[in-house]
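My notebook is open and the coffee is poured. Here is what I looked up, in the order I went through it.

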Amino acid sequence: LAFKVVVLPDPVDEKFAGSSLLKPVESQKKEEYATTKGTIVAVASAAFSHVTDDEWAGQKPRPGDHVIFTKYAGFRHTGADGKDYLIVKDEDIHAKL
């Protein structure tokens with residue numbers, strides 16, 4: 001777990017683009033984990049330690065940062081607060097927004 005990052009994925013729009021039809025629940029769940037943006041909640045101690053400051057312009061990601069990550073990266077975990085989080089490798093974080 002040394003290089004892991006916990007991300008809260010951004011919510012997914014509940015409607016089809018250009019339509020008033022609601023998506024089925026399973027489709028919503030699948031889409032939610034297909035999102036590529038989210039907010040970092042926690043960063044393991046060794047996460048991003050193998051990258052240079054130049055790669056992140058001296059601003060390595062930290063909790064609270066809004067980031068872009070690899071589609072379908074990591075695995076999901078439901079926290080004690082009932083929210084669904086993604087646990088991803090630090091290398092799956094590509095940019096800060």
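I took helices (H or I, at least four residues) and strands (E, at least two) as DSSP runs, numbered from the N terminus. This is a predicted model, so I read local features only at pLDDT of at least 70 and side-chain atom pairs only at pLDDT 80 or more, while totals for chains, interfaces and linings use all residues. Residues are numbered from 1 along each chain as its sequence is written, and side-chain values use heavy atoms, with hydrogens and water left out.

**Entry 1: Asp90**

I began with Asp90, which sits in the loop between strand 5 (84-89) and strand 6 (93-96). Is Asp90 buried or exposed? Asp90 is buried, where buried means under 20% relative accessible area, exposed over 50%, and partly exposed in between (1.4 Å probe, protein chains only). I then looked for a salt bridge, that is, a side-chain nitrogen of Lys or Arg within 4 Å of a carboxyl oxygen of Asp or Glu. Asp90 has none, and the nearest side chain of opposite charge, Lys4, is 8.1 Å away. For charge, Lys and Arg count as positive and Asp and Glu as negative; His and the chain ends are not counted.

What I did find is a polar contact of 3.4 Å between the side chains of Asp90 and His50. A polar contact is a pair of N or O atoms within 3.5 Å; within protein, one must be able to donate a hydrogen and the other to accept it, and residues adjacent in sequence count only if both atoms are side-chain atoms. For plain contact I used heavy atoms within 4.5 Å. Leaving aside residues up to four places away in sequence, Asp90 touches Phe3, Val5, Ala46, Ala47, Phe48 and His50.

**Entry 2: Asp92**

Asp92 shares the loop between strand 5 and strand 6. Asp92 is also buried without a salt bridge, and here the nearest side chain of opposite charge is Lys89, 5.8 Å away. Beyond four places in sequence, the residues that Asp92 touches are Ile68, Phe69, Thr70, Ala73 and Gly74.

**Entry 3: the salt bridge**

Which side chains do meet in a salt bridge? I found Lys96 and Asp65, at 3.4 Å from N to O. Lys96 belongs to strand 6 and Asp65 to the loop between strand 2 (37-43) and strand 3 (66-69), so the pair ties together parts 31 residues apart in sequence. Lys96 is partly exposed at 30% relative accessible area, whereas Asp65 counts as buried at 14%. The count for the structure is one salt bridge.

**Entry 4: Phe48 and Ala57**

Phe48 came up again when I looked for aromatic pairs, of which there is one. Phe48 and Trp56 form it edge-to-face, 5.8 Å centre to centre with 85 degrees between the planes. The rule takes rings of Phe, Tyr and Trp (its six-membered ring) with centres within 6.5 Å; planes under 30 degrees apart are stacked, over 60 edge-to-face and the rest tilted. Trp56 is buried, and Phe48 is buried at 3% relative accessibility.

Next I checked backbone angles. Most residues other than glycine have a negative phi. Phe48 has a positive phi, near 65 degrees, and Ala57 has one near 55 degrees. Phe48 lies in the loop between strand 2 and strand 3, and Ala57 is found there too. Ala57 is exposed at 66% relative accessible area.

**Entry 5: Asp10 and Tyr85**

Asp10 lies in the loop between strand 1 (4-9) and helix 1 (25-32) and is buried at 18%. Its side chain joins that of His66 in a polar contact of 2.8 Å. Asp10 and Gly38, 28 residues apart in sequence, are 4.7 Å apart from C-alpha to C-alpha.

Tyr85 is in strand 5 and is buried at 12% relative accessibility. I noted a polar contact of 2.6 Å between the side chains of Tyr85 and Asp81. Among the residues that Tyr85 touches are Val6, Leu8, Val41 and Phe75.

**Entry 6: the whole chain**

I closed with the overall picture: one helix and six strands, running β-α-β-β-β-β-β from the N terminus. Buried residues make up 30% of the 97 in the chain.
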